Amino acid sequence: MLPKAEVGQWVPLLDCRRLPKAGGLYVLRCTVNGKLYAGKSMDVQRRAYKHCRPEQFNALVSRAVLAHGAAAFEIMIHCLGEDEPALLVAEIDLIAALASR
């Protein structure tokens, strides 16, 4: 069995079973072009699984996964938390921080 991913550790998106079934912020990184995508979920493992099998063809991440394949992505847990309003604020801050790079 693979060890669980730690906060701040990059793991292949296809290893989503290593992610916690908990709320939190995450960052996806495309290994082909280096683009970063930030998101929040109340179940990070489930959301990562959905990113591996994109169904929303107009969503930014779904288009990228369809273009490059799920194997070309890594995911990192930025932080964990169950307070959805606080995660929303933190997600906005994370997106701004990533955009300033």
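Trainee: Is arginine 29 buried, partly exposed or exposed?

Mentor: In this predicted model, arginine 29 has a relative accessible area of 26%, so arginine 29 is partly exposed.

Trainee: Which residue forms a salt bridge with arginine 29?

Mentor: The partner is glutamate 74, and the closest N and O atoms of this salt bridge are 2.6 Å apart. Because glutamate 74 lies in strand E4 and arginine 29 in strand E2, which covers residues 24–30, the pair ties together parts that are 45 residues apart in sequence. Glutamate 74 counts as partly exposed, with a relative accessibility of 22%.

Trainee: And what ring does the charged end of arginine 29 sit over?

Mentor: The charged end of arginine 29 sits over the ring of tryptophan 10, at 3.8 Å from the centre of that ring.

Trainee: OK, how many salt bridges does a search of the whole structure find?

Mentor: The search finds two salt bridges. One of them is the pair of glutamate 74 and arginine 29 that we just discussed, and glutamate 84 also forms a salt bridge with lysine 40, where the closest N and O atoms are 3.6 Å apart. Glutamate 84 lies in helix H3, residues 84–99, and lysine 40 lies in strand E3, so this pair ties together parts that are 44 residues apart in sequence. As for accessibility, glutamate 84 is partly exposed, at a relative accessible area of 42%.

Trainee: Strands keep coming up, so what is the order of the strands in the sheet?

Mentor: The order is E1-E4-E2-E3, in an open sheet of four strands with antiparallel pairing. Strand E1, residues 10–12, and strand E3 stand at the edges with a single partner strand each, and therefore one side of each has no neighbour in the sheet. On average, and with direction ignored, neighbouring strands of this sheet are turned by 30° against each other.

Trainee: What holds paired strands together in general?

Mentor: Strands of a sheet pair through backbone hydrogen bonds, and the pairing can be either parallel or antiparallel.

Trainee: Over how many bridges do E2 and E4 pair?

Mentor: E2 and E4 pair over seven bridges, in the antiparallel sense. If you want a place to look, find leucine 28, which stands opposite isoleucine 75 in E4.

Trainee: Switching to rings, how many aromatic pairs are there?

Mentor: The count comes to one aromatic pair. This pair is formed by tyrosine 37 and phenylalanine 73, and it is tilted, with 6.4 Å from centre to centre and 45° between the planes. Tyrosine 37 lies in strand E3, residues 36–41, and phenylalanine 73 lies in strand E4, residues 73–80, so the pair ties together parts that are 36 residues apart in sequence.

Trainee: Are those two rings' residues buried or exposed?

Mentor: Tyrosine 37 is buried, with a relative accessible area of 12%, and phenylalanine 73 also counts as buried, at 1% relative accessibility.

Trainee: Last topic, how many disulfides does a search of the whole structure find?

Mentor: The search finds zero disulfides.

Trainee: Why is there no bond from cysteine 16 to the closest cysteine sulfur?

Mentor: The closest cysteine sulfur belongs to cysteine 52 and is 4.7 Å from the sulfur of cysteine 16, which is too far for a bond, because a disulfide needs the two sulfur atoms within 2.5 Å. For cysteine 30, the closest cysteine sulfur is again in cysteine 52, and the distance of 13 Å is too far for a bond. Cysteine 16 counts as buried at 8% relative accessibility, and cysteine 30 counts as buried at 1%.

Definitions and conventions
Residues are numbered from 1 along each chain as its sequence is written. This is a predicted model: local features need pLDDT of at least 70, side-chain atom pairs count only at pLDDT 80 or more; totals for chains, interfaces and linings use all residues. Side-chain values use heavy atoms; hydrogens and water are left out. Rings of Phe, Tyr and Trp (its six-membered ring) pair if their centres lie within 6.5 Å; planes under 30 degrees apart count as stacked, over 60 as edge-to-face and the rest as tilted. Helices (H or I, at least four residues) and strands (E, at least two) are DSSP runs, numbered from the N terminus. Buried means under 20% relative accessible area, exposed over 50%, partly exposed in between (1.4 Å probe, protein chains only). A charge sits over a ring if NZ of Lys or CZ of Arg is within 6 Å of the ring centre and within 35 degrees of the ring normal. A salt bridge is a side-chain nitrogen of Lys or Arg within 4 Å of a carboxyl oxygen of Asp or Glu. Two strands pair if DSSP finds at least two bridges between them. Axes are lines fitted to C-alpha atoms, for helices over the stretch in contact, and angles run from 0 to 180 degrees between N-to-C directions.
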